[in-house]
Amino acid sequence: MKYFTSLASLIIGLLLFFTANWAFKDFNPSELGLGLNTTSHVAKTKGIVKSARIGDLDSVLLSIKKVQRNSPKHQLAVWIGNSQLHAINQYKHNDLLAVQYSQQMLEELNSNISLFQFSSPHLNIIEEQIYMNTLRVESIKPDYLILPITFRSFHFIKIREELKKLAGYKEITKSIANSRVADLFFLEESNDKRGKLLSKDSTWQDRSEEYLNSLMERNIPFYKYKDNTKSYIKFLPTLAIHEMTDKSRDPQVSGNREIIEINMLSLTEIIQFAKSNNIEILMYQVPHPQDDQYFFYNREAYKDFFTSIEKIASRSDNVHYIKLESIIPNRLWGINNDGFKDMYHFQSEGHKILGDTIAQVLHDLEKNVAYAF
Amino acid sequence: MLFNSWTYLFFLITSLLVFFTLKNINWRVYFICIASVIFYSFWRWEYASIMMFSAVLDFFCSQRIQKIRDNKTNRKPITFLMISLFVNLGLLIGFKYTYFLYDNFTAFLEIFGLNNIPQSFPYSIVLPMGISFYTFQTISYTLDIYRNVYRAESNFFYFLAYVTFWPQLVAGPILRADEIIFQFRVKHQFKIDNLLIGGRRMLFGFFKKVVLADTIAKSVDHIYSINPNSLSALDVLVAAVLFGFQIYFDFAGYSDIAIGSARIMGFNIPENFNWPYASKSPREFWKNWHISLSSWIRDYLYIPLSGQKLKISHGTSGGLGEIIENDHLSDQKTKKGRAAFALFATWFIMGLWHGAGWNFALWGVYHAFFIFLYRILDGNKFESNFPSLALGVNFLICMIGWIPFRAGSINETIIMLSKLCNPLNYNPFLHQVSFIDYGLAAFLIIAMIITYKVTFVWSRLSALQPLRIVVYSIMIFFVLVFLQANDQFIYFQF
């Protein structure tokens with residue numbers, strides 16, 4: 001009897017664990033936009049799309065150089081943006097990304113434009129400027145730059161660790177030396193992380209942990225669904241708020257004037273750089289669900305922001321600005337069985353709408369036809 | 001090896017089986033040494049040699065000191081004490097502070113226009129895991145032998161087991177030799193009671209680490225990834241509170257697993273935490289936070305710096321709190337002045353012990369400042385007259401104190417702290433941090449108050465067996481779901 005409590009707790013705890021894993025074996029909230037299927041799809045597009053991992057950057061650069069070498073008459077268009085470009089909600093077999101639909105349409109229109117994409121989740125304009133400089137260092141001069149403008153991304157100026165690794169390339173740090181982004185980049189770099197522990201890669205711990213986990217996945221029923229249970233538990237607070245208010249919230253965009261201005265400056269620098277290198281910029285206001293239920297930004301701030309963007313765009317003749325905020329119907333945004341709404345990523349049909357629209361504008365630009373939206 | 005991993009659970013079970021199978025006490029000690037080296041090598045085996053070198057050297061030095069004392073020869077034991085201090089502190093400074101010293105040196109030279117030397121140290125140095133802990137342990141041993149607190153251990157393997165004992169090897173508690181070596185000489189029998197008490201303690205530790213600390217860490221990482229310029233004052237407070245709880249759950253969780261693991265084997269390791277955030281003053285906080293380090297600093301740094309003589313060592317109990325409380329009672333101005341110097345110098349060094357950066361030093365001085373302020377304003381009256389208010393004020397002091405600790409640099413620290421000084425920044429509509437993080441911070445504070453204030457309710461409720469079963473089952477469930485070896489303990493980097 002003395003040991004009953006501990007024994008009973010252990011047995012019930014284990015039973016709870018296995019029951020939950022069984023119950024959530026099909027739960028996969030990450031399939032909202034950036035799930036396993038989507039990721040593996042993006043991985044297959046290596047050479048056209050760079051997403052999330054810096055390691056993919058080289059393969060895209062090589063592909064661009066290959067196209068430039070083999071088809072010198074081809075025009076090059078580079079699409080730089082955030083996860084909206086590489087996330088597909090409710091992914092189905094044969095679904096494609098906007099960049100792929102665009103390329104298909106351009107080929108149908110007998111266009112000479114080759115499209116390439118650089119995208120990372122939450123990519124902000126300063127990071128996009130670093131990407132631009134990567135192209136410059138690699139002596140890649142695109143003819144067109146496609147730049148999605150996201151309200152949210154202008155509220156951040158941090159440069160992620162992954163991108164900071166580019167600081168290791170002297171040419172890149174040199175190339176941004178005179179830009180606004182340099183202050184941030186070098187300031188970040190001065191925050192030295194040396195002397196910390198080495199990453200745990202290739203330690204005995206990693207190998208044994210990997211072995212033990214795979215052993216348990218093979219031999220213990222439902223153990224492999226542990227991550228689904230974990231995801232469900234982590235999603236609960238978000239779902240609860242959603243249930244209570246029937247409105248998604250993203251308060252991290254309440255904004256700071258100074259941050260927005262720095263980002264605006266960065267955008268201006270990108271435009272100036274493009275102009276001095278004869279690059280046409282196709283800038284667009286990213287699609288966003290407009291219904292009150294989905295729209296969580298301050299509408300006034302949102303409107304003011306895009307008015308400022310429009311002004312910046314109108315100052316330069318190499319910038320073509322289009323508003324695409326309403327082109328994706330509500331039904332094409334991600335909504336899963338639990339009612340969790342994803343306001344950033346849409347389904348493949350949405351990618352097609354966006355891709356076709358961009359392709360049409362690019363084709364018009366190529367043919368020097370005036371566009372109107 | 002990370003405690004929060006299947007590898008550790010497997011290692012522990014195997015080690016326990018071997019440990020209790022061995023009938024000879026000496027063999028058990030040999031086994032502890034071997035198992036501890038294996039435990040360490042799961043991180044990087046080559047760095048175990050540094051730990052072994054430190055242990056061998058200190059054993060040699062302590063033996064020589066003891067021999068000189070016993071034979072009463074003309075040779076001076078201080079020579080061997082100095083060798084030990086020089087080598088141990090040399091290792092610590094070399095591995096931990098080279099970059100810091102180099103960067104400050106080059107910055108200093110730049111003032112005089114000397115810009116020709118490389119901006120960053122040209123060689124790569126890896127900080128050996130746990131070096132701050134095991135060097136402090138070996139230093140305390142040699143110092144205690146020199147001070148004649150106890151006799152030097154004559155068996156090298158018992159000494160090695162003391163230095164390397166795996167439950168406390170990489171992040172403490174920092175033990176004194178007289179607290180653990182005598183326990184190695186006892187033939188511990190396997191007891192179900194020890195298994196249950198130790199196991200329960202480990203469960204609490206795992207829960208604190210993998211469920212609470214690692215979950216809070218995601219929010220903390222996110223908030224600190226936002227540019228500090230854009231944060232509101234309330235955001236800064238939320239960031240500070242969340243990190244305060246993260247580091248507490250992280251480190252207290254580690255200590256619980258260490259104490260629990262040792263307990264199953266029959267060993268008693270002293271407590272490292274005692275409701276630190278429920279303290280009513282900074283002084284009391286330092287009696288209850290990281291008690292083993294605080295006590296170490298008290299005996300080997302604060303007491304010598306304040307010009308006192310260590311009469312009786314309290315070992316790893318009591319922390320710094322008590323001694324700093326009594327220090328200001330002296331009427332002599334010189335003594336008061338020296339106590340103030342000792343206070344600031346001690347906390348400055350303790351800050352740097354936590355990390356090679358000025359922000360860590362600032363964290364130390366920040367605490368020293370508030371202890372000093374409580375001293376001169378007679379904080380005892382405030383604590384006794386307004387206990388709840390004192391608790392709240394001290395909680396805020398401690399939490400804000402974590403800002404330099406977590407911020408990436410002095411620059412970020414200043415930006416964040418300055419946010420708190422401007423009343424306009426308290427506008428709730430300026431927030432950048434999500435409501436979920438605000439809710440999490442509020443929940444943690446309320447949960448802390450409830451669990452602390454109503455312990456008597458819990459002690460009654462916990463007597464109800466079904467309730468205990470429900471609570472433990474849920475904890476086991478959560479630990480099993482969240483257990484993964486991805487997140488290191490924060491204190492490993494110190």
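**Figure 1. R283(B) and its partner E383(B), a charged pair away from the surface.** R283(B) is buried, with a relative accessible area of 13%. This is a predicted model, so keep that in mind for every view that follows. E383(B) counts as buried too, at 12% relative accessibility. The two side chains form a salt bridge, and their closest N and O atoms are 3.2 Å apart. R283(B) belongs to helix α10 of chain B and E383(B) to helix α15 (residues 379-385) of chain B, so the bridge ties together parts that are 100 residues apart in sequence. As general background, side chains of opposite charge can pair when their charged atoms come close.

**Figure 2. R201(B) meets E271(B).** Here the closest N and O atoms of the salt bridge between R201(B) and E271(B) are 2.7 Å apart. R201(B) sits in helix α8 (residues 192-225) of chain B, while E271(B) is in the loop between α9 and α10 of chain B, and 70 residues separate the two along the chain. How exposed is R201(B)? With a relative accessible area of 23%, R201(B) is partly exposed. E271(B) is partly exposed as well, at 38%. There are other members to look for in this view: R201(B), K208(B), D256(B) and E271(B) are linked in a network of salt bridges.

**Figure 3. A salt bridge in chain A.** Now hop over to chain A, where K275(A) forms a salt bridge with D317(A). Their closest N and O atoms are 3.6 Å apart. K275(A) is in helix α11 (residues 257-276) of chain A. D317(A) is found in the loop between α12 (299-314) and β6 (319-323) of chain A, 42 residues away from K275(A) in sequence. K275(A) counts as partly exposed at 42% relative accessibility, and D317(A) is exposed, with a relative accessible area of 61%. Over all chains, the structure holds 13 salt bridges.

**Figure 4. Y277(B) and two aromatic partners.** The structure holds 71 aromatic pairs over all chains, and this view picks out two that share Y277(B). The rings of Y277(B) and F285(B) have centres 6.3 Å apart and planes at 15°, so this pair is stacked. With F395(B), the ring centres of the pair are 6.0 Å apart and the planes stand at 85°, so Y277(B) and F395(B) are edge-to-face. That second pair links distant parts of the chain: Y277(B) is in the loop between α9 (233-265) and α10 (282-288) of chain B, and F395(B) is in helix α16 (residues 387-406) of chain B, 118 residues apart. Are these residues buried or exposed? Y277(B) and F285(B) are both buried, and F395(B) is buried as well.

**Figure 5. Two arginines over tyrosine rings.** Zoom in on Y146(B) and you'll find R69(B) lying over the ring face, 5.5 Å from the ring centre. Elsewhere in chain B, R185(B) lies over the face of Y158(B), at 4.3 Å from the ring centre.

**Figure 6. L81(B) and its neighbours.** L81(B) is part of helix α4 (residues 78-111) of chain B. It is buried, with a relative accessible area of 4%. Which residues does L81(B) touch, leaving aside those up to four places away in sequence? The contacts are I65(B), T142(B), L143(B) and Y146(B). R69(B), which lies over the face of Y146(B), is twelve residues from L81(B) along the chain, and their C-alpha atoms are separated by 13 Å.

**Figure 7. Helix α5 of chain B, from start to finish.** This helix covers residues 131-146 of chain B, 16 residues in total. From first C-alpha to last, α5(B) reaches 22 Å, close to the 22 Å expected at 1.5 Å a residue. Of its 16 residues, 15 are buried, so α5(B) is largely enclosed by the rest of the structure. Just past the helix, look for N148(B), whose phi is positive, near 65°.

**Figure 8. Stepping back to chain B as a whole.** Chain B has 20 helices and zero strands. Of the 494 residues in chain B, 56% count as buried. Among the contacts in chain B with a separation of 6 or more, 76% come from residues 24 or more positions apart. Chain B exposes about 20,600 Å², and carbon and sulfur atoms supply 67% of that area.

Notes. Residues are numbered from 1 along each chain as its sequence is written. Chains are lettered from A and ligands numbered from 1 in the order in which they are written. This is a predicted model: local features need pLDDT of at least 70, side-chain atom pairs count only at pLDDT 80 or more; totals for chains, interfaces and linings use all residues. Side-chain values use heavy atoms; hydrogens and water are left out. Rings of Phe, Tyr and Trp (its six-membered ring) pair if their centres lie within 6.5 Å; planes under 30 degrees apart count as stacked, over 60 as edge-to-face and the rest as tilted. Buried means under 20% relative accessible area, exposed over 50%, partly exposed in between (1.4 Å probe, protein chains only). Helices (H or I, at least four residues) and strands (E, at least two) are DSSP runs, numbered from the N terminus. A charge sits over a ring if NZ of Lys or CZ of Arg is within 6 Å of the ring centre and within 35 degrees of the ring normal. A salt bridge is a side-chain nitrogen of Lys or Arg within 4 Å of a carboxyl oxygen of Asp or Glu. The expected span of a helix is 1.5 Å times one less than its number of residues. Contact means heavy atoms within 4.5 Å. Accessible areas come from the Shrake-Rupley method with a 1.4 Å probe; for residues, only the protein chains shown count as cover.
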